[in-house]
Amino acid sequence: MPTFYGPDFDALTRQDPEIAQVLLSELKRQQTNLQLIASENFTSPAVLAAMGSTLSNKYAEGYPGKRYYGGCEEVDKAEFLAIERAKSLFGADHANVQPHSGASANVAVYQAFTKPGDTVLAMSLPHGGHLTHGSAVNFSGKWFNVESYGVRSDNELIDYDELRDKAIATKPKMICSGATAYPSLIDFEKIRAICDEVGAIMWVDAAHFIGLVAGKAIPSPVPYADVVSFTTHKVLRGPRGGMILTKAEHATAIDKAVFPGMQGGPIMSAVAGKAVALAECATLEFQKYAKDVIVNAKALAAALEVEGMRAVSGGTQTHLALMDIRSTGVTGKVADERCGAAGIVMNKNSIPNDPQKPGITSGVRVGTPATTTQGMGVLEMKVIAQLISRAIASDDAATHSAIRNEVHALTARFPIYQA
Ligand SMILES: *Cc1c(COP(=O)(O)O)cnc(C)c1O
C-alpha cells in the first residue's frame with residue numbers, strides 16, 4: 001500500500017492549538033445541535049479527505065490537457081473524472097467543474113451571455129431570489145439591469161403570467177429561475193417556452209435543489225436550460241464549490257468565462273472532492289436519500305403547521321419549508337435567536353410580501369438535508385417541530401437550556417463523524 005499523507009490533526013494541535021480547538025469545537029457543534037439550515041449538509045469523510053489533500057498545492061490554470069503550468073498530469077485525471085461524472089449524472093453536454101462557489105459560477109454565467117447594462121429577468125429577492133439575481137449591493141444589481149418576477153399573492157407559487165408579461169415588455173437577454181427560499185417545484189417547460197418566445201437564454205440557478213435532481217427525486221432542468229449553475233455543498237452533499245452545465249453550443253463561452261474570465265487557477269482539492277461527491281450521487285443509496293429529504297421536509301412542514309405556523313406556498317415539494325410564524329407573536333429574528341439558544345440552528349427568512357424588514361422578517365426557513373444525512377426520519381421531524389415550537393414560545397434561558405438537553409439527546413442517537 002502506498003502511504004497517503006492526509007490531514008494530520010496531531011501536527012495541527014502541536015503547531016497551532018488555537019485553530020485545532022476551533023476545529024474540535026466546530027465538530028462538536030455540528031454533532032450536538034440540530035442543523036436545519038436548508039443550504040447545509042454533512043459531506044462524507046471521503047470528500048473531506050480529498051479536500052484536505054496535497055492537491056491543494058497544485059496550480060492548474062486552464063483545462064485538462066491545456067494547462068499553463070507543468071506537472072498537471074495527476075490533477076488532470078481528477079478534473080477529467082469530475083467532468084465525466086457530472087455529464088453522465090445529469091445527462092449534460094458539457095460541465096465546468098472549476099467555479100469556487102455558487103456566486104462565482106453565476107459571475108461566469110453573466111459574463112458568458114451578457115454585457116454590463118443588459119437586461120436580465122430573475123426572481124425577486126424578497127420572494128426567494130439570490131443576491132446574485134440582481135441585489136442592489138451585488139455586482140449583478142450594480143452592473144446589470146435586473147427586472148424581477150415574483151410569486152402570486154393567492155397561492156405563493158411563481159406567477160408565470162407575470163414572468164411572461166415582464167419578459168415580453170423588457171426583452172431580457174437572459175431569464176433566471178431558481179431561488180434560495182422557494183419550497184415548490186419550478187415549471188422548466190413553461191420557462192423554456194417563454195425564453196423561446198422572447199429569444200432569451202434560459203439560465204437555471206439550481207444551487208439549492210440540484211442534489212434532489214442528482215438523486216432523481218425531482219424533475220431536472222438540464223434538458224430545458226441553456227445553462228445550469230449550482231453549488232456542490234447543499235443537498236448535493238459535496239465539497240464547498242460551484243459547477244456549471246451547458247448545452248454543447250455554449251461550452252466554449254462558459255469555459256472562457258470561468259477561466260480566464262473570472263478565476264485564476266481552480267482549487268484542485270475541491271475539484272477532486274466534487275468528483276468523489278458526484279460518484280456518491282450516482283448510487284441507489286443517494287437516490288433513496290434524496291427522496292427521504294423531501295419526505296422529511298414535508299413531515300417537518302406539516303408538523304410545524306400542527307404547532308400553528310403556516311407553510312408558505314401551501315407546503316413543500318423540496319428539501320426546505322418556509323414558515324410564516326406570525327401566529328406565534330414573535331418575528332423571524334427572535335425565533336432564530338430563541339431556537340439558537342436551544343441548540344436548533346435555522347435561519348430567519350422573509351416571506352412573500354413580508355410586512356417586516358429583511359433583517360427582522362416574519363418567517364423562518366428550515367431544511368432537512370443535514371438531519372436526513374444523519375438518518376433521522378418522519379418521527380424525528382415531529383419531535384423537532386415540537387422542540388422548535390417550544391423554543392419559539394419561550395424567552396426563558398432555563399427553558400432553552402432544557403430544550404437544548406433534549407436536542408443533545410436526540411442528536412446523540414444519530415451520530416455523525418464518529419472516530
Ligand atoms: C447558495 C446559493 C448561491 C451561492 O452559493 P455560494 O457558494 O454561497 O456562493 C447562488 N444561488 C443560489 C440560488 C443559492 O441558493
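**Cavities, pocket and ligand site**

Guide: By the rule applied here, the count comes to three cavities of 30 Å³ or more. This is a predicted model, in which local features need pLDDT of at least 70 and side-chain atom pairs count only at pLDDT 80 or more, while totals for chains, interfaces and linings use all residues. Residues are numbered from 1 along each chain as its sequence is written, and side-chain values use heavy atoms, with hydrogens and water left out.

Visitor: What makes a set of points a cavity, and what makes it a pocket?

Guide: On a 1 Å grid over the protein atoms alone, a 1.4 Å probe fits in a cavity but cannot get out, whereas a pocket is an open set with protein on both sides within 12 Å along at least five of seven lines; a lining residue has an atom within 4 Å of a point. Volume is the space filled by probe spheres set on the points, which are joined across faces, edges and corners. The largest cavity holds about 140 Å³. Its lining has 16 residues, with Tyr182, Ser184, Ile186, Phe209 and Thr318 closest to its centre.

Visitor: How do you know where the largest cavity lies with respect to domain 1 and domain 2?

Guide: Domain bounds come from an automatic or database domain assignment. Both domain 1 (54-281) and domain 2 (284-412) contribute lining residues, so the largest cavity lies between them.

Visitor: Which elements give two or more residues to the lining of the largest pocket?

Guide: The largest pocket contains about 950 Å³ of space. The contributing elements are helix 1 (9-15), helix 2 (17-32) and helix 3 (45-51); a helix is a DSSP run of H or I with at least four residues, and a strand a run of E with at least two, numbered from the N terminus. Helix 2 supplies the largest share, six residues.

Visitor: How do you know that Asp205 makes a polar contact with the ligand?

Guide: A polar contact is a pair of N or O atoms within 3.5 Å. A side-chain N or O atom of Asp205 is 2.6 Å from a nitrogen atom of the ligand, so the pair meets the limit. For Lys234 the distance to a ligand oxygen is 2.8 Å, and for Ser101 it is 3.4 Å, also to an oxygen. Alone, the ligand exposes 380 Å², of which the protein buries 86%, by the Shrake-Rupley method with a 1.4 Å probe.

Visitor: What makes the peptide bond between Phe259 and Pro260 notable, and where does Pro260 lie?

Guide: Most peptide bonds are trans. The bond joining Phe259 and Pro260 is cis, with omega about 5°. Pro260 lies in the loop between helix 10 (251-258) and helix 11 (268-281).

Visitor: What is the phi of Asn353?

Guide: Phi of Asn353 is near 60°, a positive value in a residue other than glycine. Most residues other than glycine have a negative phi. Asn353 belongs to the loop between strand 14 (347-349) and strand 15 (363-367).

Terms used. Polar contact = N/O pair within 3.5 Å; in protein donor to acceptor, adjacent residues only side chain to side chain.
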